[in-house]
Amino acid sequence: MFSNNQKISMRQTFRLFLFDFIGISTLVLPTWLAGTSGVYGVFSILLGGVFGLLYLLYLGWVLNRMQTDLFTHMSTAGGLLQKLLYGYLAVSCVLTSGFLAAVFTRLIRQSLIREESYALVLLLLLAVAGYAVTAGIESRARVYEVLFWFILIPLFLMLFFSLKGVDMIYFKPQYQAGIADICKGGYMVFLCFTTLFFVLFFPKYVRPESAGRRLISSVCWAFLCTIGILLALYLILLGTFGEGALAKMRFPAVTLMSTVQMTGGFLKRLDAIMMGIWFFTLFALLNLNLFYGAQMMEKCAGIPGNKRYAGMMLILTFLLAMLFEYTDGVPEFFYRFFWYVGTPLLILIPLIPVWTGRKRK
Amino acid sequence: MEAKTRVSTDIEKNIEKYKQIYADCADIKMQEMMLGEDQDCKCFLAYIEVVINNTMLRNTALGRCIGFLAKLPQEKKGTLLDENAMGIADISWFENVEDAAEAMLTGDAILFVDGYDKAIKIADEGYPNMGVQESDSEKVVRGSNEGFTDSVKVNTALIRRRVRSTRLCVKELQVGVRTHTNVDLVYMEDLAYPHILHEIEERLGKYEIDGALDSGVLEQLAEEKWYSPFPQFQTTQRPDRAAMAVLEGRVVLISDNSPIALILPTDLNSFLKTSDDYYNRFEAATFARLLRYAAGFFAMTLPGLYLAMTNFHTQILPTTLLLSFQEARIGVPFPAALEVLLMEISFELLREAGVRLPGAMGNTIGIVGGLIIGQAAVEANLVSPIVVIIVAFTALCSFAIPNEEFAFSFRILKFAFIALCAWVGYYGFLLGIMAVLVHLSRLKSFGIPYLMPFVGAELTDYEDERDSVFRYPLRKITKRPIYARRNERTKLKKKE
């Protein structure tokens, strides 16, 4: 029989991670990559894929050492270290949520309701996100298990139909990108997949708990599928717009959808309808950050009350997203923080449980 | 608790107490009679008027009993009554007058015999009811036409007629401190999870209620999330549907005086199935299900989507279609949102009026409302023809949902979608879909996720997915759904 235990299956894990990955990567990476490495962005994606796989292997090793999830492992570690770790991760989640909410709101306004106020769009989004966050991981996994084919089939169809607009001439590089540019692009790709870090918390939520290797394999498949989709999308975008135009576009994937003409199709333009793909995928990632942010706050404060912390996360996200929109320095600070501090720390943090585990022995 | 009065061998005391209990009850008939060989044995018969058939007294068990007593020698009556020497099938004895008085309310007669220290309950025709009739809310093209009645006993018999197994259990409960309504839980002993039975009993026992006059009252008291627009119990008026549920390991709750049985646990998929899905070939059943799923979606979202497309995202529609929409709206003084809202409310009013009015008049109101008023409203330029089409199509979709309670949840949500889409267009639609999905993902019916088998399907080795939107050929559906005990999942196998 079914038990209400906030545990999810491997299929749900795969689908959840796939949606967490697809949204932001397909939305912002093509522009960034076209700007740094142009046509060679394809190699950046592949390099990012390799970085991601290595990171996942590393996380698998850490999970194997811990034999449990990070929450459970850290509950026996020193108070200060624990608080520092959770405090930093909470800040990181708040920053990411704010950034995602801002991107989300901009995307909605640009593609669907240009005249509507930024604050209202953001508030509506956070209201639904708040409802979803309090439902827990089980509910989130169910939503995305149901949505899976409803999102992927239209996406594949649209990618297929957009092949018509690809012009091979655009694959000829306009400028020669160096290895440094490709590596920079690879790091950018990896930056978009730092969500992988949350795998460390997942053994607590998956069924069966002992399935560490299966967990890594599910996430790995989700990651590889996303890299495949990203690669296909980037090639189509390059072939349709060329690297020069692509580097200047805000959300090129959405623009691509507006150019797609389906043979025998009834609707004239599909970009508004296809916005659903990014709505649901970005929503998944926003929810993930809100959910873990609330968890980190709870662990850091040491006082239980998940709904209270979810509320705090929502307020902070709202404020940050407003800052992102109306203050020039904040987006710049965000990018720099994650470029120089956030991402390197996410590589180093998993070593803490390994170190504390060894010390305990 | 008040002390009960034991049935006395002195019949006068019993009569006095009985009359005291039923003072000012004109519908209770109390008859004193002198029976026995020499008319020296005083008897007292009490029953509810109408439930005991006076003209048929000779042929009934009660008639036989009175005839038996008339010939009975005084000294043997105690022993013979104790041994049920009259050969009456449905007879019970009570030692207290109060218990006997209460038992009479089930529609049976109570007999006191002088010198005998027990009251005898003898079943007769029982309360009048409409008898087994055709189910009018769950019509099928193929399959039985029988529907449940108001009598709990008839309803359980209708299920047992279909499931002739010794493992079919019927547990009787009483709900309502004043109505003492009989509630039967019907289940297969070896298939249903015992904890579900305990849970429903616990939930029903949680409240002390004056009366439960319909299964709907029990449903509302026992559901987990009272604020959800989605029903958490499946309802049916069809004995074959209930029998099917019992065979799946689910529990059927039948309440006296209600022709609607509750099935638990349930999920979203069950609400979109009908009995004849299993009687028809799999292609037909799958096609019908696909239609119903699409109907459910459009019943909730179509008016909202129309508003989003025409008010916010006109670039989606082909120019010719958009122009024809625009032309149709020329002269309409209201904004599109108000126009849709007015038409939807008018339609709901018509539906409500049609339901409340007597049969023939109900049909008339449908024709008057749908055709005449609709036509007049279009000609008067109050609404555009396209909105009439949208509202009519939405209504058609909601009628295609086989369960009325489930369809109602879509009807309610439709207004939320209209509001959201009128406000923020397609963004509102997406937000609404997300909120509904999150809500559905949180819902459970007795521990079973509402979105089964679309979620957690690996728990049943993906077997439950074979009977969801697509109905596999019957010979491929070999397992019972998740409701049945894990070790009792096989329902079909080839003979060796």
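Author: Let's start with what a contact is: two residues touch if their C-beta atoms, placed from the backbone, lie within 7 Å. Keep in mind that this is a predicted model.

Reader: Fine. With that cut-off, how many residues does the contact take from chain A and from chain B?

Author: Chain A gives 28 residues and chain B gives 29 residues.

Reader: Which elements give two or more residues to the side of chain A that touches chain B?

Author: Look at the helices: H5 (118-134), H6 (136-162) and H10 (271-301) of chain A. By class, that side of chain A breaks down into 18 nonpolar, four polar and six charged residues.

Reader: People often quote an area instead, don't they?

Author: They do; interface size is often given as the accessible area lost when the parts come together. Here we stick to residue counts.

Reader: On to sheets. What is the strand order in the open sheet of chain B?

Author: For a sheet, read the order across it, then look for its edges. This one has five strands in the order S6-S7-S9-S10-S8 (chain B), paired antiparallel. At the edges sit strand S6 (168-175) and strand S8 (234-236) of chain B, each of which pairs on one side only. On average, neighbouring strands of the sheet are turned by 25° against each other, direction ignored.

Reader: How many bridges join S8(B) to strand S10 of chain B?

Author: Three, and S10 covers residues 261-264 of chain B. To find one of them on screen, pick B:Thr236: its bridge partner in S10(B) is B:Ala261.

Reader: Now the core. Which residues touch the most other members of the largest nonpolar core?

Author: B:Val252 and B:Leu253 do, in a core of 210 residues. The largest share of that core, 19 residues, comes from H10(A). You've met H10(A) already, on the side of chain A that touches chain B.

Reader: What is B:Val252 in contact with, leaving aside neighbours within four places in sequence?

Author: Its partners are B:Ile159, B:Val186, B:Ala242, B:Ala245, B:Val246, B:Ala261 and B:Ile263. B:Ala261 is the bridge partner of B:Thr236 from before. There's also a second, separate core of 30 residues, with B:Ala46, B:Leu62, B:Val97 and B:Ala101 among them.

Reader: And which domains does the assignment give chain B?

Author: Domain 1 (11-122), domain 2 (152-266), domain 3 (282-448) and domain 4 (452-488). Taken over C-alpha atoms, the centres of domain 2 and domain 4 of chain B are 23 Å apart. Their contact takes seven residues from domain 2 and six residues from domain 4. On the domain 2 side, those are three nonpolar, one polar and three charged.

Note on methods:
Residues numbered from 1 in each chain as written. Chains lettered and ligands numbered in written order. Predicted model: local features only at pLDDT ≥ 70, side-chain atom pairs only at ≥ 80, totals over all residues. Helix = DSSP H or I, 4+ residues; strand = E, 2+ residues; numbered from the N terminus. Nonpolar A, V, L, I, M, F, W, Y, C, P; charged D, E, K, R; others polar. Pairing = 2+ DSSP bridges. Axes fitted to C-alpha atoms, helices over the stretch in contact; angles between N-to-C directions. Core = buried A, V, L, I, M, F, W, Y, C linked by C-beta atoms within 7 Å. Buried ≥ 20, exposed ≤ 12 C-beta atoms within 10 Å, placed from the backbone. Domains from an automatic or database assignment.
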